Amino acid sequence: MTAALLYPFILVAGALQAIGNAMNAQLRGKLVNPWLAATVSFLPIVFVFTTLFFTMPTPLPNLASLSKMPWYAPLGGVAGAVAVFGGLAFIDKVGAGPFNGLTLTANILTSLAMDALGLFGLQASGFKPMAWLGGLLMAVGVTFIARSGGKSEGGEKGVGGKLLYPFILVAGALMAIGVVWNAQLRGALENPWLAAAVSFVPVVFVFALIFLLRLSPLPNREDIAGVRWWMPLAGITGAVAVFAGLLFVDKVGAGAFNGLLITANLITSVALDHFGWFGMRQVKAGPPRLIGAALMVGGIVLISLF
């Protein structure tokens with residue numbers, strides 16, 4: 001199968017990731033405590049991937065493949081979860097627009113750098129001016145979309161919020177790095193279901209531990225009664241992107257993979273906002289958002305072709 005034939009699957013994964021974000025927002029609202037919400041969101045993922053592994057336990061890793069596994073490979077899920085923590089801790093201080101713009105721009109540029117330099121086992125492709133131009137277009141597109149989210153995003157103005165920007169950029173870079181680490185984990189463990197389960201177990205452990213250390217606030221009976229059946233499935237929809245990374249990132253490259261994923265994610269996010277699906281605050285897709293979407297599509301074409 002050629003790399004281009006994998007693009008539709010990656011785009012679907014990106015769309016599901018955006019839907020998962022919207023579902024997670026609703027789950028967090030009902031469960032009140034963000035660490036409890038994150039634990040509830042990630043637990044079904046571990047259950048599903050563990051069940052699939054026991055159903056399809058072959059192939060299994062051998063000592064030779066395990067000995068070649070980089071020490072950081074099992075931490076791919078944790079690296080990606082840093083962005084989740086950043087959203088929980090910082091999004092109310094800087095605003096959703098700047099937060100998403102910074103994280104996704106850092107993700108795109110880090111992905112292109114890993115491809116160019118051959119970091120973390122990727123094949124070095126060298127500096128490709130057109131691909132970096134595509135990355136620049138995507139970064140500008142992200143900015144157009146992020147800055148058109150309306151004035152009621154809750155951002156905290158002034159110097160205090162801007163001091164958090166470096167931490168948010170690191171979170172975005174770790175998102176891209178986590179995808180590549182997951183691919184390394186899948187190569188070492190051979191079985192993709194086992195690799196996915198191993199990737200998510202540390203994330204659940206971290207969120208559950210933080211929840212036990214910070215038990216308040218807790219949801220009341222009315223809050224729990226308002227949880228819809230689909231809300232706890234948010235993590236599973238987002239996990240499709242992680243699983244796609246396990247399977248495809250070494251075939252299409254980190255830049256193309258994350259570019260396609262982010263493009264599908266943000267375009268789906270624009271649709272979710274425009275129609276107010278999954279309880280999202282309705283924000284009409286005006287010219288800035290449509291221009292941003294067009295720039296992102298142009299950027300991913302350049303990254304994919306060059």
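Helices H1 and H11 are roughly antiparallel to each other, because their axes cross at an angle over 145 degrees, the cut-off for that word (under 35 counts as roughly parallel, 65 to 115 as roughly perpendicular and the rest as oblique). This is a predicted model, in which local features need pLDDT of at least 70 and side-chain atom pairs count only at pLDDT 80 or more, while totals for chains, interfaces and linings use all residues. Residues are numbered from 1 along each chain as its sequence is written, and side-chain values use heavy atoms, with hydrogens and water left out.

**Helix H1 and its partners**

H1 covers residues 3-31 and H11 residues 234-252; their axes come within 8 Å and cross at roughly 155°. Helices here are DSSP runs (H or I, at least four residues; strands are E, at least two), numbered from the N terminus. Axes are lines fitted to C-alpha atoms, for helices over the stretch in contact, with angles running from 0 to 180 degrees between N-to-C directions. The crossing of H1 and H11 is left-handed, a term for a near helix turned anticlockwise from the far one by less than a right angle, with clockwise giving right-handed. Among the residues making this contact (heavy atoms within 4.5 Å) are Leu6, Ile10, Ala13 and Met23 of H1, and Ala241, Ala244, Phe248 and Val252 of H11. By class, the contact of H1 with H11 divides into 15 nonpolar, 5 polar and 1 charged residues. For these classes, Ala, Val, Leu, Ile, Met, Phe, Trp, Tyr, Cys and Pro are nonpolar, Asp, Glu, Lys and Arg are charged, and the others, Gly among them, are polar.

H1 also meets H2 (residues 34-55): the two axes come within 8 Å and cross at roughly 130°. H1 and H2 are therefore oblique to each other, and their crossing is right-handed. On the H1 side the contact involves Asn24, Leu27, Arg28 and Leu31, and on the H2 side Pro34, Leu36, Ala37, Val40 and Ser41. The contact of H1 with H2 has 6 nonpolar, 2 polar and 1 charged residues.

**The nonpolar core**

Let's turn to the interior. A nonpolar core is a set of buried Ala, Val, Leu, Ile, Met, Phe, Trp, Tyr and Cys residues joined through side-chain atoms within 4.5 Å. The largest one has 70 residues, and Ile10, Phe49 and Phe257 have the most contacts inside it. Apart from this core lies another, of 6 residues, among them Val94, Leu102, Leu164 and Ile168.

Beyond its neighbours within four places in sequence, Ile10 is in contact with Phe248, Val252, Phe257, Leu260 and Leu261. Phe257 sits in helix H12 and, leaving out residues up to four places away, touches Ile10, Val179, Ala241, Ala244, Gly245, Phe248, Val249 and Val252. Phe257 and Ile303 are 46 residues apart in sequence, with 9.6 Å between their C-alpha atoms.

**Buried residues**

The table gives relative accessibility for some buried residues; buried means under 20% relative accessible area, exposed over 50%, and partly exposed in between (1.4 Å probe, protein chains only).

| Residue | Relative accessibility |
|---|---|
| Phe257 | 0% |
| Ala73 | 0% |
| Met23 | 5% |
| Thr268 | 17% |

Met23, in helix H1, contacts Trp230, Met231, Leu233, Ala234, Thr237 and Phe278, setting aside neighbours within four places in sequence. Its C-alpha is 9.8 Å from that of Arg228, 205 residues apart in sequence. Thr268 belongs to helix H12, residues 254-275, and, with the same neighbours left out, is in contact with Ala15, Ala18 and Ile19. Ala73 lies in the loop between H3 (63-67) and H4 (76-94); not counting residues up to four places away, Ala73 touches Trp181, Gln184 and Leu185.

**Backbone details in the loops**

Most residues other than glycine have a negative phi, and most peptide bonds are trans. A cis peptide bond joins Thr58 and Pro59, with omega about 0°, and Pro59 is in the loop between H2 and H3. The bond from Ser216 to Pro217 is also cis, with omega near 0°; Pro217 lies in the loop between H9 (192-213) and H10 (221-225).

Val32, in the loop between H1 and H2, has a positive phi near 70° and is partly exposed at 22% relative accessibility. Phe120 has a positive phi of about 55°, lies in the loop between H5 (96-117) and H6 (129-146), and is partly exposed with a relative accessible area of 25%.
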